[in-house]
Amino acid sequence: MAETEHFDVVVIGGGSGLTAAYYADEAGKSVALVERWTDRLGGTCVNVGCIPSKQLIQSAEVMKTIRAADDFGITLDQSSVKVDMPAIFRAMRERRSKANEGTQGWVEDAFTPVFDEVRFVDEKTLETKDGKRTITGDKFFLAVGARAAIPPIDGLDKIPYRTNADIFDIKGQPKSLVILGGGYIGCEFGHFFSTLGTKVTIIDPSDHLLSEDDDIRTTFTKEFAKKVDLVTPYRAVAAVEEEGQYGFKVRKEDGDETRTVVGDMVLVATGRRPNTDTLDLDKTSVKTDDKGWVQVDDHMRTSHPDIYAYGDCIGQGMFKHTSSFEGEIAYRNAFGADLKMDYSANPHAIFSDPQIGAVGLTERECQEKGLDYKAVKRDYKDIAKGEIIGKPPGFAKLLVEKGTRRILGFHMLGPHAADLVHEVVVAMTAEGAKADLIKRSIHIHPTMPELIHTLFTEAVGSPYSDA
Ligand SMILES: Cc1cc2nc3c(=O)[nH]c(=O)nc-3n(C[C@H](O)[C@H](O)[C@H](O)COP(=O)(O)OP(=O)(O)OC[C@H]3O[C@@H](n4cnc5c(N)ncnc54)[C@H](O)[C@@H]3O)c2cc1C
């Protein structure tokens with residue numbers, strides 16, 4: 001019989017779980033930090049998500065600059081440019097190891113780490129998979145994340161395919177890659193591989209890729225189609241092998257037409273499913289929906305008063321920054337605060353080509369909510385810096401509520417969109433979220449944020465017009 005260990009706080013999940021654990025440790029509480037990946041802390045983001053993918057994409061961005069050199073008077077022999085894929089992957093793994101090591105040291109110093117999978121045996125008792133440890137706690141935080149959802153496609157289990165869990169382990173560069181799914185994961189890997197010379201095909205049942213504002217989706221899809229083959233709107237109906245290559249038989253969404261798409265490698269990127277099936281939550285009163293996402297209220301409370309949940313396992317936001325933010329709200333509420341999680345200014349980015357940064361409502365959502373809004377759009381080429389950097393395709397789009405001048409949504413497609421969106425996030429987080437805040441702020445000339453300033457000026461006019 002395993003000895004029972006009791007803690008003030010038990011956190012399950014060594015990704016964004018670290019946020020609640022951090023605040024608990026700061027408050028002097030005893031903390032068990034449970035993580036089933038014995039050799040890697042940091043969760044999806046550090047190991048098989050944000051960090052390794054962005055490290056890879058950095059090489060693609062360097063390649064884009066090299067390819068554009070001629071436009072800026074730098075001549076080089078493009079045929080001499082070589083891609084050293086093993087070196088690119090080595091740099092990615094080094095970055096990941098450094099992050100792992102840093103976190104490992106901190107976790108061992110601050111908490112009681114439990115490196116095993118755990119499941120509930122009753123409302124507030126966990127058992128490790130090896131059966132050696134029983135853990136109880138006063139407060140629990142579930143941050144068990146999500147993993148790739150594998151669609152039920154005939155024959156998929158008979159062909160080799162990769163997901164985000166093992167694409168980072170590949171040894172060489174595939175000549176061709178078939179990506180199933182045109183969401184952000186498919187589009188980011190599509191950018192990386194295609195920019196570095198792999199022939200990429202993306203299959204998606206929708207005409208346009210990504211779930212973004214319609215203007216963004218349309219322009220993104222048009223631009224991205226210049227570098228990847230899009231098989232849209234097609235649905236994969238069976239996995240196939242043809243002469244040593246793998247892929248799918250696909251059927252057109254609005255008809256019976258079928259075709260076959262194959263490549264050297266297949267990546268499945270068709271959404272995420274929660275890891276809650278590991279937890280035996282049916283031993284507790286914590287409710288999940290029929291897909292397994294933990295049900296929480298706007299205080300991150302589950303249906304058990306001492307069990308909170310956040311991060312990907314609740315199925316909202318599903319970004320690293322959102323998960324960490326939710327973690328603090330969950331922790332503070334568990335210990336007496338009364339904080340609501342507000343997603344209205346929760347931004348996201350897609351590090352594809354073109355890049356996307358967005359926050360708030362899409363135009364379609366404004367319409368569905370019956371809001372009286374004004375939409376304004378400006379292109380990169382409309383500002384001096386946009387001209388200087390070569391007039392890249394792309395634009396910024398703002399949605400402002402008429403009358404209140406409240407910022408409802410902001411969507412940007414083009415260079416540095418992921419960085420530029422933050423100015424709008426700050427304005428949306430400020431009291432009243434008024435568009436005037438940005439219009440009244442002096443912006444440096446010539447810079448990219450001038451595009452945002454120009455847009456806001458167009459939306460709200462001069463702040464001195466009534467003077
Ligand atoms: C390819 C890819 C790229 C991404 N890029 C970005 C990006 O650029 N920016 C961004 O914001 N987000 C990005 N994301 C999303 C981001 O990684 C996630 O939103 C974030 O990591 C979720 O954190 P989490 O703590 O909820 O879950 P996770 O980080 O998945 O952590 C959950 C942890 O719980 C552990 N666990 C699960 N069950 C148990 C159990 N029973 N016992 C013990 N341990 C358990 C798991 O091993 C895991 O380590 C990306 C995701 C992917 C897949």
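1. Two strands are taken to pair if DSSP finds at least two bridges between them. On that basis, this predicted model contains an open sheet of three strands in the order E11-E12-E13, with antiparallel pairing. Strand E11 (234-242) and strand E13 (258-263) stand at the edges, and because each has a single partner strand, one side of each is left without a neighbour in the sheet. From one strand to the next, the twist averages 25°.

2. Within that sheet, E11 and strand E12 (residues 245-252) run antiparallel and are joined by eight bridges. For a reader who wishes to find the register by eye, Tyr234 has Lys252 in E12 as its bridge partner.

3. Another open sheet is formed by five strands in the order E17-E18-E21-E20-E19, and here too the pairing is antiparallel. Its edge strands are strand E17 (348-350) and strand E19 (373-379), each of which pairs on one side only, while the twist from one strand to the next averages 15°. E19 is joined by seven bridges to strand E20 (residues 395-401), the two running antiparallel, and Lys377 finds its bridge partner in Lys397 of E20.

4. A parallel arrangement is found where strand E8 (residues 176-180) meets E9, the two being joined by five bridges; one pair to look for is Ile179 with its bridge partner in E9, Ile202. Strand E9 (residues 199-203) is largely enclosed by the rest of the structure, because four of its five residues are buried.

5. Turning to the helices, H3 has 18 residues and reaches 25 Å from its first C-alpha to its last, which is close to the 26 Å expected at 1.5 Å a residue. Its buried residues are Pro52, Ser53, Leu56, Ile57, Ser59 and Ala60. Because these residues cover an arc of only 145° around the axis, they lie on the same side of H3.

6. As to the ligand, there are 35 residues around it, of which Gly15, Gly43, Gly49, Gly145 and Gly311 come nearest. The elements that give two or more residues to this shell are helix H2 (43-48), helix H3 (50-67) and helix H7 (320-334), so that H3, described above for its buried side, should also be inspected here. By class, the shell around the ligand has 13 nonpolar, 16 polar and six charged residues.

Methods: Residues numbered from 1 in each chain as written. Predicted model: local features only at pLDDT ≥ 70, side-chain atom pairs only at ≥ 80, totals over all residues. Near = placed C-beta within 6 Å. Nonpolar A, V, L, I, M, F, W, Y, C, P; charged D, E, K, R; others polar. Axes fitted to C-alpha atoms, helices over the stretch in contact; angles between N-to-C directions. Expected span 1.5 Å × (residues − 1). Buried ≥ 20, exposed ≤ 12 C-beta atoms within 10 Å, placed from the backbone. Arc of directions from axis to C-beta.
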